[in-house]
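These are my notebook entries on a structure that I had not looked at before. I kept them short and wrote down each thing as I looked it up.

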Protein chains: 2
Amino acid sequence: MIINQLLQKLEPTSPILQANFGIERESLRVDRQGKLAHTPHPSCLGARSFHPYIQTDFCEFQMELITPVAKSTTEARRFLGAITDVAGRSISKDELLWPLSMPPRINAQEIQVAQLENEFERHYRNYLAEKYGTKLQAISGIHYNMELGKDLVEALFQESDQIDIIAFKNALYLKLAQNYLRYRWVITYLFGAAPVAEQGFFDQEVPELVRSFRNSDHGYVNKEEIQVSFASLEDYVSAIENYIEQGDLIAEKEFYSAVRFRGQKVNRSFLDKGITYLEFRNFDLNPFERIGISQTTMDTVHLLLLAFLWLDAPENVDQALAQGHALNEKIALSHPLEPLPSEAETQNITTALDQLVQHFGLGDYHQGLVKQVKDAFADPNKTLAAQLLPHIKDKSLSDFALDKALAYHDYDWTAHYALKGYEEMELSTQMLLFDAIQKGLHFEILDEQDQFLKLWHKDHVEYVKNGNMTSKDNYVVPLAMANKTVTKKILADAGFPVPAGDEFTSLEQGLAYYPLIKGKQIVVKPKSTNFGLGISIFQEPASLDNYKKALEIAFAEDTAVLVEEFIPGTEYRFFILDGRCEAVLLRVAANVVGDGKHTIRELVAQKNANPLRGRDHRSPLEIIKLGDIEQLMLTQQGYAPDDILPEGKKVNLRRNSNISTGGDSIDVTETIDSSYQELAAAMATSMGAWACGVDLIIPDRTQPASKEKPHCTCIELNFNPSMYIHTYCAEGPGQAITPKILDKLFPEVATSQT
Amino acid sequence: MIINQLLQKLEPTSPILQANFGIERESLRVDRQGKLAHTPHPSCLGARSFHPYIQTDFCEFQMELITPVAKSTTEARRFLGAITDVAGRSISKDELLWPLSMPPRINAQEIQVAQLENEFERHYRNYLAEKYGTKLQAISGIHYNMELGKDLVEALFQESDQIDIIAFKNALYLKLAQNYLRYRWVITYLFGAAPVAEQGFFDQEVPELVRSFRNSDHGYVNKEEIQVSFASLEDYVSAIENYIEQGDLIAEKEFYSAVRFRGQKVNRSFLDKGITYLEFRNFDLNPFERIGISQTTMDTVHLLLLAFLWLDAPENVDQALAQGHALNEKIALSHPLEPLPSEAETQNITTALDQLVQHFGLGDYHQGLVKQVKDAFADPNKTLAAQLLPHIKDKSLSDFALDKALAYHDYDWTAHYALKGYEEMELSTQMLLFDAIQKGLHFEILDEQDQFLKLWHKDHVEYVKNGNMTSKDNYVVPLAMANKTVTKKILADAGFPVPAGDEFTSLEQGLAYYPLIKGKQIVVKPKSTNFGLGISIFQEPASLDNYKKALEIAFAEDTAVLVEEFIPGTEYRFFILDGRCEAVLLRVAANVVGDGKHTIRELVAQKNANPLRGRDHRSPLEIIKLGDIEQLMLTQQGYAPDDILPEGKKVNLRRNSNISTGGDSIDVTETIDSSYQELAAAMATSMGAWACGVDLIIPDRTQPASKEKPHCTCIELNFNPSMYIHTYCAEGPGQAITPKILDKLFPEVATSQT
């Protein structure tokens, strides 16, 4: 079945760009001197026996990062960015990821095969080491996986005269593979980035400076006698089967090629069950990109793949591919500034690209990519390999690579509370996702705006919203906690201390309550206290008039109003998980403490230099402002922003202790008496809550607490309690919570290393 | 300890009216002829071994309704009204509750003791029957329980010179009991309502017409030799203990008195642990009130009790109480129109009432009650017994009682979907509460506006919101169902049919989707479809312009918009509970079907006569209107409201099929193919939902469904699905769901009768 001129028949509005993508990236672990790391694969990562995203390839120190299937190149890079973030912060803080395909200076003895649990996999690697040599195994790269979109394939199928869609798809992918191999020199020319090998890497004689060692036959290739035809799928399958039978290959995956068919457990299954996607294996790591491949590369390659479908299949496949191989070898081993040889059919490629763009009305972005390809074809300076030339020192890229590795390492470690690429999601969800990836759980973001995740391990699926809304809580308990009146009743019935008070649905009812509260410190607030509006606090007993006003203010916000005793003391937030208190937090209002030398303005700037302080809830703390409210507070304390604050003098810049207005979070988990932790945990348990934030007012925390004499009052229970506030604090060590949530959701997932 | 002149010392703003109340009401079951019912206690009621609200007293047909503790007289009557509703609809539809204290015509052999499980209780009743005679046992009444408010007692305690609050409270209640017995004639005079005994009831000679046989010594009293002193608590306790030891009483509860101390398991415990409340046992059933006691009676008695505390205690208790007993006997056996004898110290009472009102500034309502007491003291015509006189026929009240019983029965059976007294709550919650009371579960309404209930049986507590938000669902599943995008992903991943489509967060994204949907029937809607705003349906494929407009309309309502294929067919709602489909509902738009004789207006009125149709979601169906929208629809079909509709012709009055706009609900549970029920149940199960409403579009319900060929599409999963719509339908039998929810929450509670 020949599949030619089908794209040309499609409607211009066809979903030509519809495709799924996946990226695998190999990268060596090195130390801060750029030498291979001889440490084991990090034990904080989920075991390699099941980890879907972070593996080791050949060697113990050769990490392999694997994305889940993405719907776009952007999404694929976003996935890879996050997995890279996790990998970068799971390895030792003294280790870096080598950004080049070609390894640093190594000797063969250094290279230890991956210490995997699976016996076959260890045996396999030892065999490869024996057969191909260990140093070659350390060459790293990127595999670019692509599956044509379902609707696109369907549309092509409709244009064809075929009746079996599986056979049709196979023919489509076969043609794509054929043209890919025929024109693989394009990839090598544009994106080759392995121009030098470090001293002592190759045993044999090699040119000094090339485009890509990795993409040449000096790279990681099969023995010359392994020749697999792509003339038909049957040929491909049988050839490999025969080699295995003859013992020339030990497994189907030992067949190395710039492109492989994927999607079935064994090759023969492709024939009846169908190829699912293609794996393009000839991408060198781009050291200018933290994740090893740029957005433009991903999208340019996507266009090129479509161009390979646009073009007709080669008539004599074996011959065309052999010529393609030879041309690629030549271009791979050329000097980076050498122009393309005349036999490189750039015109075919650029014409196909132009026609694609024209036919499908692709816009500015894709037109720009095509122009870049044309420019690079014309001018080798515009290739990736050429851009590396200025960085080669003494025939080595090591210094450059090390600089890059350190820079990317530092980047990974900035905003370490976030998950790179997902900074728009809530912090606690970012933290949970980081931990999930680290632990080797599968993840899918079902709804980004809603912080809705799907996590799974084998058949065990869990949904998580907002980081701690899980199946572990039952449905009605958070509903109870959302209702202050219900919560207070339940706690009070269980014998826990809550503020005395009542709920009123009319001004008259509220006023009738006055006799019981006059002479007392009280709080009058709308039943639903959103944004803190409508609350009146009477630390001096209220007159009837003022009490009435307070009721009116509250009734302006809600149809139900609570009048409660005001509880003096300090408020602490207890994070309870599964019956145990995991963290205790004190929040204090935005403030600075003087040192006798600096002005308040300068002290604020100093405090704001803390990398944890950012804006708008996407960092654990907020920038302290010096706006009207803060200046008014200063004035009330007798200060102005440019006054020097005496040593030890503390001034508050806000009245409220919210983190969102610049407050400090202080982790007091290890300093507060454990009796309070137990009491708070008991409260959450009596509600039936699994994840719960308990707000206690404690007048004197040096007094231990008990159920009979609590010495505290519970003013609120919070479902969906914030987690990041406990982990990244202004003061105190901080407590990790998100990993515990995952351990409890997936107790079967141990974080042992193998 | 003498407690006098304490109330007088209280601040006028003291919570003088603060108290807890409970009511117990006995009532005989009779048939529609007014004869005693000889059927067993209804088996649909939870077993008497644990039922907190509906018991039998002495006889099998003597129901006893017991309210939980209420914070006000209003709440106590509300409770009793609801329990009466349940009792009234749990007994056979041919049975009524006798509204008088004095039984209908009976003979002793008719009276069967209550067939209780508990052996002691059966033995006890047989002993009572033997000792006092069975007919006397059939006299019914009301017990009025009252506990003084905590803050009120505390305030009185502060005014006293006492140091032990338990002893203080005991003294308070003792004084109240003393004055109550001393002045019990007031209750008998004002509220006595047992003026006649039916022929053959009394064996002995009795007057023909009195105020209250029940409140005289002809009523249910101990043998004359039982004399218990109220001079001190110790006297009271010891006296009863001695009688038991001597065998004159078999149990402490065999001591009958107009007032008893309550709150401990045995009387002796009162001395150290304290009396909790008082039980006032001398209230005859008021046949003019469905629940047997009026609001004014409850509140007047409350004032009288406070007056008895305002007055000093009798100096010689035994003597004063003996005199009180004699006076009560005289007044009880007087003709209802006889004025009070001079020895009745009305002035003490009215002065105390006036002083109470004055001192504490009680308002119009209470002042009115006091005036009514004064008026009744002056004029016997204003007493309850006098109001019964006109209804006595041939020395019998039976006809009157039967009329009342039938009227109250009919009332119980109107709006049988509601729970009387709780009509402002959501229907499904009213239904669940009804079932909970029927089954004998304890209930507390934690938040009425929030439909938040606490239900319990022994130590097993469940919280329920909105009737079906329970602990049986886990937290994250309803959150998933609230998000259409997440729901669709989960269902699609599990292989269930959902509308194809996508979600967009910008106009550009949405427009880029056009190629994939042009030529198709689509729906464009905001992601959160509240109130159905912003939805565009294209049953004809949309032009790009119109598609763009539809996107703009939707984006005006939400930041995210869904574009989905339009699924033609009929929508059915499947109610899934615990993996099983319990009900299937078809909703059709408001409509009438002609009969060739009546106008559309008349047909609408006929349809609106269905007692299920009401307004504003407090009835299962809604009134069909003939407003602008309906008239427009008629016009579009070529009709006007006063046209006669041809026989069999159906006109729709609305386009949408919501019940809230007058639609019909049709229960098709038993007629729709069970394969759809299984498929819907499987969808809910794959989400992990326990209570779930599945909306399926089914084009042809005669075609069976399977996972592979579903012949339907799921357009939505609903957490918190409405339940009443399935139970009370315009057509079809209706399916009971709320009882099943309770059976699953409390499997240990069997509805067996004993």
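Before starting I fixed my terms: a residue counts as buried under 20% relative accessible area, as exposed over 50%, and as partly exposed in between. I also noted that this is a predicted model.

Entry on backbone angles. I looked up Asn720(A), which has a positive phi of about 55 degrees although it is not a glycine. I found Asn720(A) in the loop between β23 (713-718) and α24 (724-727) of chain A. Its relative accessible area is 27%, which lies between the two cut-offs, so I wrote down Asn720(A) as partly exposed.

I then turned to Gln451(B), where phi is again positive, at about 55 degrees, although this residue is not a glycine. Gln451(B) sits in the loop between β8 (442-447) and β9 (452-457) of chain B. Is Gln451(B) buried or exposed? With a relative accessibility of 5%, which is under the 20% limit, Gln451(B) counts as buried.

Entry on the interface. I asked how many residues each chain brings to the contact. Chain A gives 40 residues and chain B gives 40 residues. Between them the two chains bury about 3,200 Å², and 61% of this area is on carbon and sulfur atoms. On the side of chain A, I noted that Tyr463(A), Tyr475(A) and Val476(A) lose the most area to chain B, together 21% of what that side buries.

Entry on polar and charged pairs. Across the interface of chain A and chain B the rule finds 4 salt bridges. I looked up one of them, in which Asp493(B) pairs with Lys454(A), the closest N and O atoms being 3.4 Å apart. The rule also finds 12 residue pairs in polar contact across this interface, both residues being at pLDDT 80 or more.

I next listed the elements that give two or more residues to the side of chain A that touches chain B, among them β8 (442-447), β9 (452-457) and α17 (484-493) of chain A. Of these elements α17(A) gives the most, with 5 residues. The residues on that side of chain A divide into 18 nonpolar, 10 polar and 12 charged.

Entry on symmetry. I checked how the copies are related, and chain A can be laid on chain B with an RMSD of 0.1 Å by a turn of 180 degrees and a shift of 0.0 Å along the axis. That is the relation of a two-fold axis. I also noted that 100% of the interface residues of chain A are interface residues in chain B as well, so the copies meet through the same surface.

Note on methods:
Residues are numbered from 1 along each chain as its sequence is written. Chains are lettered from A and ligands numbered from 1 in the order in which they are written. This is a predicted model: local features need pLDDT of at least 70, side-chain atom pairs count only at pLDDT 80 or more; totals for chains, interfaces and linings use all residues. Side-chain values use heavy atoms; hydrogens and water are left out. Contact means heavy atoms within 4.5 Å. Buried area is the accessible area (1.4 Å probe) that two parts lose on being put together, summed over both. A salt bridge is a side-chain nitrogen of Lys or Arg within 4 Å of a carboxyl oxygen of Asp or Glu. A polar contact is a pair of N or O atoms within 3.5 Å; within protein, one must be able to donate a hydrogen and the other to accept it, and residues adjacent in sequence count only if both atoms are side-chain atoms. Helices (H or I, at least four residues) and strands (E, at least two) are DSSP runs, numbered from the N terminus. Ala, Val, Leu, Ile, Met, Phe, Trp, Tyr, Cys and Pro count as nonpolar, Asp, Glu, Lys and Arg as charged, and the others, Gly among them, as polar. Copies are superposed by least squares on the C-alpha atoms of residues with pLDDT of at least 70 in both. Buried means under 20% relative accessible area, exposed over 50%, partly exposed in between (1.4 Å probe, protein chains only).
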